[in-house]
Amino acid sequence: MRIRTDDEVYRVDAVWLGPPKATFPWRARYVAWLVGIPVFLIVLTVERWAGWSFGFFSTAWAFVATIVITRLITAKISHERPLGAVAAMAAKELNTPRERTTGTGGAASASRVRVRASRPLPKHRRRRQYQHHGYGGGAGAQGTPRARRSRPAARAGR
């Protein structure tokens, strides 16, 4: 037993065959006209930007390119996937965030290097500078120099 679906009802396209009593020799859906006319204008604009002059052959090639592009676009459009859904899908595909293939930064970056007008002081002079300003704490905080630690005396007999 064969069950018939209602797909044939939806397969009927809204087709414009041309003016009454002077129909076109081809079938074109309304959506194809809706897509094709703006595509033709865009193709003509791109040709002008490319430097092609306006003439018979440039317009003929624009017409051929429009037919090819329109057929590619309308092949994705059906009663189950209307033009609005295809346009929304294309817009979301173009605006979605992409994975970054290049790393940011590296082992060293010049933006993190500090540049100062004065030369930095060695560590032992920095300590004395802080001691004179009262930051050092401990025995040498009042400006008196610290006693240097001497090396441990060598044991006699060795």
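**Helices and a pocket in a predicted chain**

Over residues 52-73 the chain is 82% helix and 0% strand, with the end C-alpha atoms 25 Å apart. This stretch belongs to a predicted model, and it is one of two that an unreviewed UniProt entry lists under "transmembrane region". The other listed stretch is residues 30-46. Residues 30-46 are 100% helix and 0% strand, and 25 Å separates their end C-alpha atoms.

The wider setting is as follows. The chain contains five helices and two strands, which come in the order α-β-β-α-α-α-α along the sequence. Of its 158 residues, 13% count as buried. When contacts between residues at least 6 apart in sequence are considered, 31% of them join residues at least 24 apart.

Helix 2 can be followed from end to end. Its 21 residues should span 30 Å at 1.5 Å a residue, and because its end C-alpha atoms are 30 Å apart, the expected and modelled spans agree. After helix 2 comes glycine 51, which has a positive phi, near 95 degrees.

Which residues of helix 2 are buried? They are Val31, Ala32, Val35, Gly36, Val39, Val43, Leu44 and Glu47. An α-helix has 3.6 residues a turn, so residues three or four places apart point the same way. The cover over the buried residues of helix 2 includes strand 2 (28-29), helix 3 and helix 4 (83-95).

Two of these covering elements, strand 2 and helix 3, also appear, with helix 2 itself, around the largest pocket. Rolling a probe the size of a water molecule over the atoms shows where empty space is left. The largest pocket holds about 510 Å³ of space. Its lining consists of 15 residues, and those nearest the centre are Trp26, Ala28, Ala32, Ile67 and Thr70. Ala32 therefore has two roles in this description: it is among the buried residues of helix 2 and among the lining residues nearest the pocket centre.

Where does the lining of the largest pocket come from? Strand 2 (28-29), helix 2 (30-50) and helix 3 (56-74) each contribute at least two residues. Helix 3 gives the largest share, six residues. By character, the lining of the largest pocket divides into eight nonpolar residues, four polar and three charged.

Key
Residues are numbered from 1 along each chain as its sequence is written. This is a predicted model: local features need pLDDT of at least 70, side-chain atom pairs count only at pLDDT 80 or more; totals for chains, interfaces and linings use all residues. Side-chain values use heavy atoms; hydrogens and water are left out. On a 1 Å grid over the protein atoms alone, a cavity is a set of points where a 1.4 Å probe fits but cannot get out, and a pocket is an open set with protein on both sides within 12 Å along at least five of seven lines; lining residues have an atom within 4 Å of a point. Grid points are joined across faces, edges and corners, and a volume is the space filled by probe spheres set on the points. Helices (H or I, at least four residues) and strands (E, at least two) are DSSP runs, numbered from the N terminus. Ala, Val, Leu, Ile, Met, Phe, Trp, Tyr, Cys and Pro count as nonpolar, Asp, Glu, Lys and Arg as charged, and the others, Gly among them, as polar. The expected span of a helix is 1.5 Å times one less than its number of residues. Buried means under 20% relative accessible area, exposed over 50%, partly exposed in between (1.4 Å probe, protein chains only). Contact means heavy atoms within 4.5 Å. UniProt positions are given in the numbering used here, feature names are shortened, and annotations may be inferred rather than shown by experiment.
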